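Trainee: Could we go through this structure together, one question at a time? I'd like to see how each answer is reached.

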Amino acid sequence: MFKNRRLLLLEIIGILLAFVWLVPFYLMVVNAFKTKRDIFADTLGLPEEWTWDNFVQAFVQLGFIKAFGNSLFITAVSTIIIIICSAMAAYALSRNKSKLSTVIFFMFVAAMLIPFQAVMIPLVSQFGQLDMLNRSSLIFMYLGFGASLSIFLYHGALKGIPESLDDAAKIDGCNKFQTFWYIIFPLLKPMSVTVGVLNVIWIWNDYLLPSLVIGGNGTETIPLQLFFFFGQYTKQWHLALAGLSISILPVIIGYFFAQKQIIKGIADGAVK
Amino acid sequence: MKNRDLSFWLFLAPVLVAILIVVIYPLLTGLYYSFTNWDGLRISKFVGLDNYIKLFHDKEFGDAFWFTIKFSIAAIIVINIIGLGLALIVTQHIKTSSFLRTVFFMPNLIGGLILGFIWQFIFTKAFASIGESIGIEGLQGWLSTTETGFWGLVILTSWQMAGYVMIIYIAYLQSVPEELIEASQIDGANRFQRFRNITVPMIAPAFTVSLFLTLSNSFKMYDQNLSLTNGGPFNSTQMVAMDIVKTAFTENSMAYAQSKAMIFFVTVAAISLLQVYYNKKKEVEL
């Protein structure tokens, strides 16, 4: 009896905390349905009259469909490239036991210590001088910034894949690339999910790098559009909140469907 | 694969090229630029340590640095206490466990920029409204002072990152063997003794990972800073990352901004190395 009472208490505390956690989302959505005057009159309660006008206006002003497409394109292409290239590199490094290989691996790991701001200014000006501040360069940069952690994670996973598999594939007539693509890469799938999750979350939400590299030519991602939008409507919370709600919606939907993989990916990525 | 195998280099090539061009080369040239009067395009003079000497006397940079340190310390403590607390709750045998995890983790998936905007609304409008209805003066004018801006950033970051840290603690809490807990129960250890003497040592690596992650994330924070306070009032809540971006792209002092970036780099790298070293040592002792 005592034990059950304790669990019930914990259950209640947990649920109360969950409500506290959700309050910001509640306030955002509820006020996005209000008129400007309604927000001023009553910020905390439900709207007297639910209006969709804010959403329509924010949707149009944000150019949401285009921004969503841009975010999706950049995130998907960058992540796929990071997954394939990092797995290949980690495979090569793990199957080469020489000193050089260790040094290169160490360099990749050390690159994780370098914060973005340390290289941002020369990077942007160097690409700018070559007139290469565009979407392809952005994807290339994501490979450079995302590869370190991904290689590190794949390298750990590869230790668990015996080299006798490589030898067997070789005897069966596979070349190195076939061995990787048909034997090793499929075995790395659980790690590929983790690497994918980590990179998707980061790239989808990234603001600073795209703000410096792309923009002004219709390739803006959601965070960029939102920043411009927010700047224009800074004192008009009904529109700003509608814009924020729309921007969050795809993430919440994605979370709903891939929740298990996301939480597992985060745990693996952080713990290893 | 051997060093002289073409395949070894082909497998490495894309990543090696990308990291060299995107990270290593800019870092090295950046180091060089910081000793010159580089304006983003060309260099006309080598100035030695001038940028660094100037930086040492720069009150704005000093303030930003100090603010970042204070913020990071507060954030690490609050995030880890809440995160561990949440993990301890949801690892009990309660029915809503997986629902609670979902909720607590949710803010992490959303970008710092968006979260900062949402909380700007909450601090400036909702807080004022709550304060008015229950008569608490202290809830008015949030984000308009340094103090409220500071705690605003801490609250936002804690709300965002506690769920992340919770996931890490859960992973380790679940690996504590049941037998150990049972054995200690038989030996007559109470709940607190069990936590102190069994759970805490067993999840020691979780502290390493979480402290390291929260420290480096808070220290490097930019998006939330930009969208919540934008450094205001009067640059008093401006963190180092933002100071570097502003010096470079608003004030256009490229070489000077790069010298700040180098100091930032050395600090971040040193903290990370020191902490990993310290925690590794501690784990062995246990």
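What follows is a set of questions and answers on this predicted model.

Trainee: Let's start with chain B. How many helices and how many strands does chain B have?
Mentor: Go along the chain from the N terminus and write down each element of chain B as you meet it: you get α-α-α-α-α-α-α-α-α-α-α-α. There's no strand symbol in that run. So the secondary structure of chain B comes to 12 helices and 0 strands.

Trainee: What share of the residues in chain B is buried?
Mentor: First picture the chain: its C-alpha atoms fill a box of roughly 75 × 70 × 30 Å along the principal axes. Of the contacts in chain B with a separation of 6 or more, 72% are between residues 24 or more positions apart. A residue is called buried when 20 or more other C-beta atoms lie within 10 Å of its own. Among the 286 residues of chain B, the buried share is 44%.

Trainee: Where does helix α6 of chain B bend?
Mentor: This helix covers residues 146-173, which is 28 residues. From its first C-alpha to its last it reaches 38 Å, close to the 40 Å expected at 1.5 Å a residue. It's also mostly covered, with 22 of its 28 residues buried. The bend is about 35 degrees, and you'll find it at B:M161.

Trainee: Why is α11(B) described as largely enclosed by the rest of the structure?
Mentor: Look at its residues one by one: B:V240, B:A241, B:M242 and B:D243 are among the buried ones. B:I244, B:V245, B:T247 and B:A248 are buried as well. The helix is largely enclosed because the buried count is 8 of the 10 residues.

Trainee: Is B:N235 buried, exposed or partly exposed?
Mentor: Find it in the loop between α10 (223-228) and α11 (240-249) of chain B. Its phi is near 60 degrees, a positive value in a residue other than glycine. Now count: there are 17 other C-beta atoms within 10 Å, so B:N235 is partly exposed.

Trainee: And A:D131, is that one buried or exposed?
Mentor: A:D131 sits in the loop between α6 and α7 of chain A, and its phi, too, is a positive value near 60 degrees. The cut-off for exposed is 12 or fewer other C-beta atoms within 10 Å. A:D131 has 7 such neighbours, so it counts as exposed.

Trainee: How many residues of α10(A) are buried?
Mentor: The helix has 17 residues and reaches 24 Å end to end by C-alpha, close to the 24 Å expected. Its buried residues include A:M191, A:V195, A:L198 and A:W204. That makes α10(A) mostly covered, and the buried count is 12.

Trainee: What percentage of residues 72-93 of chain A is helix?
Mentor: In an unreviewed UniProt entry, this span is one of those listed as "transmembrane region". Its end C-alpha atoms are 31 Å apart, and strand makes up 0%. The helix share is 100%.

Trainee: Which element gives the most to the side of chain A that touches chain B?
Mentor: The contact takes 69 residues from chain A and 70 residues from chain B. Elements giving two or more residues on the chain A side include α1 (2-32), α4 (64-94) and α13 (237-271). By class, that side has 53 nonpolar, 13 polar and 3 charged residues. With 14 residues, the element that gives the most is α13(A).

Definitions and conventions: Residues numbered from 1 in each chain as written. Chains lettered and ligands numbered in written order. Predicted model: local features only at pLDDT ≥ 70, side-chain atom pairs only at ≥ 80, totals over all residues. UniProt positions renumbered as here; feature names shortened; annotations may be inferred. Helix = DSSP H or I, 4+ residues; strand = E, 2+ residues; numbered from the N terminus. Contact = placed C-beta atoms within 7 Å. Nonpolar A, V, L, I, M, F, W, Y, C, P; charged D, E, K, R; others polar. Expected span 1.5 Å × (residues − 1). Bend = angle between axes of the 7 residues up to and from the residue.
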